[in-house]
Amino acid sequence: MIHLKSFTFLCCFLTLIPSLVRGDCTCEPEDEDRDKSQALKLKMAAIASILVAGAIGVCFPMLGKTVKALRPEKNIFFIIKSFAAGVILSTGFIHVLPDATENLTSPCLNENPWGKFPFAGLVAMAASIGTLMIDVFATSHYTKSHLHKTQQSDGGDEEKTGENENHLPVHTHATHGHAHGSVSMLQPSDSAQLLRHRVVSQVLELGIVVHSVIIGISLGASESPKTIRPLVAALTFHQFFEGMGLGGCISQAEFKCRAVTIMALFFSLTTPVGIAIGIGITNVYDESSSTALIVEGLLNAASAGILIYMALVDLLAADFMNPKLQNNGLLQVGASVSLLLGATLMSLLAIWA
């Protein structure tokens, strides 16, 4: 988490140097139907609807603690998570990456180098590789740490067993030794899987948050009701579906109640806070400036790389290769249809967004 935040901050800092070079065109804001009072009302409605939709979406998969049908081991959970993974994958490919490409190839930027090299693809690829490295290193570190603690605990148990073995029947001790061995073999694996779920949920939330802040600021800074109105509906559904995907990962991570609450609130509030920031900087924010275009483009590209990696590797590959799904043909079909449905619906939102 710390490395990713540092990487994002570094991207913002580095953009200050190339942003000094502007393109030759005069990118004046388009003369749209501007109505500040009407736009402000729509922004307030957007904050409320997106906040509620995000909260419901992220909390829905967590109802497994009270609704048995929604528990991670149930078939319906695979169906819901596949749908949400399709939404996240479509978000990366259809919504975020094209926006990054559009920003970084804008005629408002100098043709050299922005028009001669696909920086959006480069940053997305670098973000995917960086996410992979952090995913592997974090999981490996926590797994080794847990194994070390487990070995120390097992060593203490063996000493205690050795002290008491003269007082136990031979058959009983052998049985205890076998059971103890089985538990020690299963616990590290289960714990490693749990730690991986936790790393996945945190990295996924970071990728979603980066994009959510950007779209929130863009919506909040706009003064055109014609532009804002379709975005309110699109972003409401967008936030709901992304929340479902993140909520599924948080549910599998089995965080404590406090951590779950913080992560859910952080996700739910990100876009509304971004909108509020956009409202506050409406008079000074110029979306066609070279600085805004480069910063938004690089952050969107990085977010797209993270979302695409997480959707394909940590969500879809992990679930579709799960033995439970592999041994159930009907569940495979259901998960595949749910995946395609989620990706299709989220792609269609690009028409209005």
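These legends accompany close-up views of helix α11 and of annotated spans in a predicted model.

**View 1. Helix α11 from end to end.** Here we follow α11, the helix of residues 329-348. Its 20 residues, at 1.5 Å a residue, should span 28 Å, and the 29 Å between the end C-alpha atoms agrees with that. Look just before the helix for Asn-328, which caps the N-terminal end of α11. A side-chain oxygen of Asn-328 sits 3.2 Å from the backbone nitrogen of Leu-330.

**View 2. The buried and exposed sides of α11.** Leu-331, Ala-335, Ser-338, Leu-339, Gly-342 and Met-346 are buried in this helix. Because they cover an arc of only 100 degrees around the axis, they fall on the same side of α11. Their packing partners are α3 (75-104), α7 (225-253), α9 (290-320) and α10 (323-326). Turn to the other side of α11 and you will meet Leu-330, Val-333, Val-337 and Leu-340, which are exposed.

**View 3. A closer look at Leu-341.** This residue also belongs to helix α11. Leu-341 is partly exposed, as its relative accessible area is 44%. Ser-82 is 259 residues away along the chain, yet the C-alpha atoms of Leu-341 and Ser-82 are separated by 9.3 Å.

**View 4. Spans annotated as transmembrane.** An unreviewed UniProt entry gives the annotation "transmembrane region" to several spans, including 76-97, 297-318 and 330-352. In the model, residues 76-97 are 100% helix and 0% strand, with end C-alpha atoms 30 Å apart. Residues 297-318 are likewise 100% helix and 0% strand, and their end C-alpha atoms lie 30 Å apart.

Notes
Residues are numbered from 1 along each chain as its sequence is written. This is a predicted model: local features need pLDDT of at least 70, side-chain atom pairs count only at pLDDT 80 or more; totals for chains, interfaces and linings use all residues. Side-chain values use heavy atoms; hydrogens and water are left out. Helices (H or I, at least four residues) and strands (E, at least two) are DSSP runs, numbered from the N terminus. The expected span of a helix is 1.5 Å times one less than its number of residues. Buried means under 20% relative accessible area, exposed over 50%, partly exposed in between (1.4 Å probe, protein chains only). The arc is that of the directions from the helix axis to the C-beta atoms. Contact means heavy atoms within 4.5 Å. A polar contact is a pair of N or O atoms within 3.5 Å; within protein, one must be able to donate a hydrogen and the other to accept it, and residues adjacent in sequence count only if both atoms are side-chain atoms. UniProt positions are given in the numbering used here, feature names are shortened, and annotations may be inferred rather than shown by experiment.
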